[in-house]
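Let's take a walk through this structure together, starting with a pair of strands and widening the view from there. Have the model open as you read.

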Amino acid sequence: ACTSNEPKEQAQDADKAAPVADDKPGKAVTIGFAGPQADHGWLNAINSNAKSRAKKYSDVTLEITEGSNDTAQQIGQVQTLINKKVDVLVILPADGKALTRVGLQAMRAGIPVVNLDRVFASPQAYRCWIGGDNYGMGLNAGHYIGEQLKGKKNAKVVELAGLDNLELTQQRTKGFDDALKNYPNIRKVARQAADFTVESGQAKMAQLLQAQSNFDALWNHDDDQGVGALRAIDQAGRDDFLMVGGAGALSAFQAIKQDNGVLKATVLYPPTMAASAIDLARALGQSKGIGGLAEFEIPSSLTLYSAVVTKDNVDQYLPTGFI
């Protein structure tokens, strides 16, 4: 393995540059973008990131659907894009399982699909998947809290989760629980499932506060419901614990920067993935690879990292915060 009998020129083939998509105008590409209804700050940021990224390229035309949480309607929207013969599709399905068949339809029609975040039931329904790391969110939130409380005996934590019938919520909780196993001094004493809304975050947090007279840390799965959770915390006059959020809302970043409340960190689930999906779609449409990799083809999947944002690095992430 340390030597090669291949000619020197052949042995260096890996150093030859693959065609890589860059900012210079190239082959014109029409990208169809279909996402769910933007009824949540994160989903609205998905749409905004896709639109702004497409505008960056003079060789990209973006065909964007209205967005719907009705699976039949979203299937119809994607089929319309297929009939328009777009070059590439970017799809964030309202329901990955239900939209799988239209992903397969596009791929069979020769239109490569970039599956964004909510994964289709079959890998044959997409050319590339890009999305967040729900397990990693919980894992990194748990490790951050664990490090803050590792010197405290009999530390207690509580969890404000999302919708329990969603696999993503279950993955976030599993990651959190697995991280806490590394800190035997910490015990999770309560958990409430909210539904990713401000109102539910406030109501469920109020219940947690009433049931738990003292605890040391709270992990909230979602910064939108965290707005409500913080209202409940303020109304209860509690400031005896630290809070970690999730996703990366601008309001959370601002509160972390001000550092005058319980919210000390948030774990990213970056909506910038939509901008990256446009980059991947453009590269597919131009039959190019992506910078930084030796391969001629883009990867079949990309899992984004759930960074922990604190007052020490919040300035770096402020421009990505969603409203």
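A good place to begin is Val 244, which stands opposite Ala 265 in E10. This is a predicted model, so please read each detail below as a property of the prediction.

**The sheet and its helix**

Val 244 and Ala 265 have a wider setting: strand E9 (residues 242–247) and strand E10 (residues 263–268) pair in the parallel sense over five bridges. Helix H5 (residues 134–149) packs on the sheet, where its contacts are strand E6 (155–161), E7, strand E8 (217–220), E9, E10 and E12. The direction of H5 makes about 165° with that of E9.

How are the strands ordered in the open sheet? There are six, running E7-E6-E8-E9-E10-E12, and the pairing is mixed. Strand E7 (186–193) and strand E12 (308–309) stand at the edges; each has a single partner strand, so one side of each is left without a neighbour in the sheet.

**Helix H4**

Elsewhere, helix H4 (residues 100–108) has Thr 100, Val 102, Gly 103, Leu 104 and Ala 106 buried. These buried residues pack against helix H3 (71–83), strand E3 (88–91) and strand E4 (113–116). After H4 comes Gly 110, with a positive phi near 85°.

**Three residues side by side**

The table sets out three residues by their relative accessibility.

| Residue | Relative accessibility | Class |
|---|---|---|
| Gln 212 | 17% | buried |
| Thr 71 | 27% | partly exposed |
| Ile 323 | 81% | exposed |

Gln 212 sits in the loop between helix H7 (198–211) and E8. Buried means under 20% relative accessible area, and Gln 212 counts as buried because its value is 17%. Apart from neighbours within four places in sequence, Gln 212 is in contact with Val 158, Val 189, Ala 190 and Arg 238.

Thr 71 belongs to helix H3. Leaving out residues up to four places away in sequence, Thr 71 touches Asp 95, Ala 98 and Leu 99. Thr 71 and Pro 93 are 22 residues apart along the chain, and their C-alpha atoms are separated by 8.1 Å.

Ile 323 is found in the segment after helix H11 (314–317). Which residues does Ile 323 touch, not counting those up to four places away in sequence? They are Gly 41 and Leu 250. From C-alpha to C-alpha, Ile 323 and Gln 212 are 31 Å apart in space, with their positions 111 residues apart in sequence.

Technical notes: Residues numbered from 1 in each chain as written. Predicted model: local features only at pLDDT ≥ 70, side-chain atom pairs only at ≥ 80, totals over all residues. Heavy atoms only, no water. Pairing = 2+ DSSP bridges. Helix = DSSP H or I, 4+ residues; strand = E, 2+ residues; numbered from the N terminus. Contact = heavy atoms within 4.5 Å. Axes fitted to C-alpha atoms, helices over the stretch in contact; angles between N-to-C directions. Buried < 20%, exposed > 50% of the residue type's maximum accessible area, 1.4 Å probe, protein only.
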